[in-house]
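Here is a short tour for anyone who likes to look at a binding site before setting up a calculation. Please open the structure and follow along.

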Amino acid sequence: MKRTLLLLGATLLMTNIEAQEVKELHNIDFELGVSGWVNRGDAKVAISTETANSGSSSLKITNRSQVWNGASFASGDIVSGKTYKVSCAFTFTDTRYETHTFELCAQYDDNGTRYVTMASADVTRGKWTEVNGEITFPSGAGNISIYVQSKYTTEETDIDHMDFFIDDFVCIGEELPEVESLCNLYKPYFRFGTAVSTSVISSASGKSHIEKHFNSLTAENEMKPDAMLSQSLSKEKGEPVVQLSYGARQILQYCSDNNVPLRGHCLVWHSQTPAWFFHEGFDTKNEVVSKETMTTRMEQYIKAVFELLAKEFPKVNIYAYDVVNEAFADGSNGLRTAGKDASKGQSYWTLIYGNDLFIEKAFEFARKYAPATCKLYYNDYNEYIEPKRTNIYNLVKKLYNNKTCDGVGMQSHLATNYPSVQLYSETLDKFASIGCDIQVTELDITIESGASDATQAKIYSDLFDLYIKHSSHLSSVSVWGLHDGMSWRGDRKPLLFNSDYTAKPAYYSIIDGLEIENAIGDIRVPCETNDVVVFGIQNAFIVEALNDGEIELYSLSGSLVGVYKYSEGRNIIALPKGIYIANKQKVIVR
Ligand code: XIL
């Protein structure tokens, strides 16, 4: 009843969006879980049965230390250039207060972060108050989310930090074409990963996008030598000491909580490594250390990294690590130039060792201290250009044969004008001939002048055809970022998604053809002994089972949506509305 009224209200009030085909995109009553709502700032969010606007539960927001701490929601179908009608009910139960004003707001990036209050309402303690708002996101807006908070003030007091409840969140807007999950589509072939930054992992829109598309994450900067090595602690202890920054912890915690495997990046590199690491007393005032001292330090450092990760984040599956990054020079036959200035491409490692012994040692130590399940890679860019390509080939072949290295990481920072797909393909063949694993670790393709989205899309498509061809010895492909707005080469729009997370032609080019192929392969015959009945209800599906077990759910195009555990009896499993396939039958979640 409630829902019908809300919808009717929305239709009558519809202004900007009346010309379009609109529908209810989200209707969240918090009966079956938080359904994509996450904390904003230090707040905590959880389902509560203390009070409810409809049904028996709502979302409770606690632990607020600032007025803007609240809850936030993002979804791939709330995008730039479109208008949305949003409504949500608020209440609070704190007996210290009689009334308080709460806000329903939206946030997005458009030349800086924008905060828009769509609507606010004075709420009386214990009474549920419905708030209705509307917003049009400008075209080009990125990182869109909807959030709730106390009415914003710069003079906040305790009342602005009280716990509160929301319920019956409804969002109405234009329905977008369904975008398939990249990692589900590519599951039969390899992992599909991305680099993430602290900011993206803390945003609701970033999280929802990662959850949908990626089954491997790489910290873009947060686990590099300069982010982990502590000068003061190293000086104090007389040996390298590592620690995890707030950002690294955010990323590792996400991996731990969501069971997402991580690619470690990186241990030994000329760049983003503090100069003091290479000097006596961990101080650039002193001489550069000897080869012997550096080898001891390198072992202590690598040992410390793996020990810290195992201790602090024992649940994270670190399935790959870039042990040595970018040791070879471009254009000449050999290592990077010896020197102290990384900004000129010089390397302290070459300066101290004079040869590739430091690479051998790094792999020896990584093998000694990394978990057995973590594969070790030599990672580099311009990996397709001679003589660098042959240098990488010879090195990895040697290390692979002595069993300290598992494969080559091809960074793959490409451009629409170089390299040719042919050259890249020959490189894949050459590295594959070593017999080792290959991982594509940092893929992006800049659009250079004269090229278009379509040029880029064609290259992406050709590359993914190659990756599938090589998939028996290519275990992971990662793009270097979630969307163009957060790319290190964002001015030339190198990634698969626009900054509002809408899919680009590049995205569609790499899923084209896969859907049908996987649909045939993925819809398996159910286990005969599985005595279950499955049917959809509102926001969930029900499994009635005679025994405990698991059930696989597929989207209509055949990609795996998830594997769900059930126990004997009646199981209610929360799921976004849509049509699914379970046991070869359609299940409609309303
Ligand atoms: C880049 C990051 O994306 C930037 O944010 C940072 O300022 C510089 O480093 N090769 C690598 C990556 O191995 O670590 C680099 O990442 C890109 C090139």
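The report below starts with the ligand, moves on to its pocket, and ends with some backbone details.

## The model and its ligand

A word on the source: the model is predicted. In this model, the ligand has 13 residues around it. If you would like to start with the closest ones, select Glu-220, Lys-224, His-265, Glu-442 and Trp-480. Sorted by class, the shell around the ligand comprises six polar, four charged and three nonpolar residues.

## Polar contacts

Which side chains bring a polar atom to an oxygen atom of the ligand? Asn-221 is one of them, with an N or O atom of its side chain 3.0 Å from a ligand oxygen. Gln-272 is another, and here the distance from a polar side-chain atom to a ligand oxygen is 3.2 Å.

A nitrogen atom of the ligand takes part as well: a polar side-chain atom of Glu-326 lies 3.0 Å from it. As for burial, the ligand on its own has 420 Å² of accessible area, and the protein covers 78% of that.

## The pocket

Where does the ligand sit? It takes up the space of the second largest pocket. The volume of this second largest pocket is about 290 Å³. Its lining is made up of 15 residues, and those closest to the pocket centre are Glu-326, Gln-411, His-413, Glu-442 and Trp-488.

Two of these names may look familiar. Glu-442 is also among the residues closest to the ligand, and Glu-326 is the residue with the 3.0 Å contact to the ligand nitrogen. By class, the lining of the second largest pocket holds seven polar, four charged and four nonpolar residues.

## Backbone details to check

Two cis peptide bonds deserve a look if you plan to prepare this model. One joins His-265 to Cys-266, with omega at about -5°. Cys-266 belongs to strand β14, which covers residues 262–269, while His-265 is also one of the residues closest to the ligand.

The other cis bond runs from Tyr-418 to Pro-419, and its omega is near -5°. Pro-419 is found in the loop that links β18 (413–415) and α12 (421–432).

Finally, which residue has a positive phi although it is not a glycine? That is Lys-403, with a phi of about 65°. Look for Lys-403 in the loop between α11 (388–401) and β17 (407–410).

Definitions and conventions. Residues numbered from 1 in each chain as written. Predicted model: local features only at pLDDT ≥ 70, side-chain atom pairs only at ≥ 80, totals over all residues. Heavy atoms only, no water. Near = heavy atom within 4 Å. Polar contact = N/O pair within 3.5 Å; in protein donor to acceptor, adjacent residues only side chain to side chain. Areas by Shrake-Rupley, 256 points an atom, 1.4 Å probe, with all protein chains shown as cover. 1 Å grid on protein atoms, 1.4 Å probe; cavity = no way out; pocket = protein on both sides within 12 Å on 5 of 7 lines; lining within 4 Å. Sits in = over half its atoms within 2 Å of the grid points. Nonpolar A, V, L, I, M, F, W, Y, C, P; charged D, E, K, R; others polar. Points joined across faces, edges and corners; volume = space filled by probe spheres on them. Helix = DSSP H or I, 4+ residues; strand = E, 2+ residues; numbered from the N terminus.
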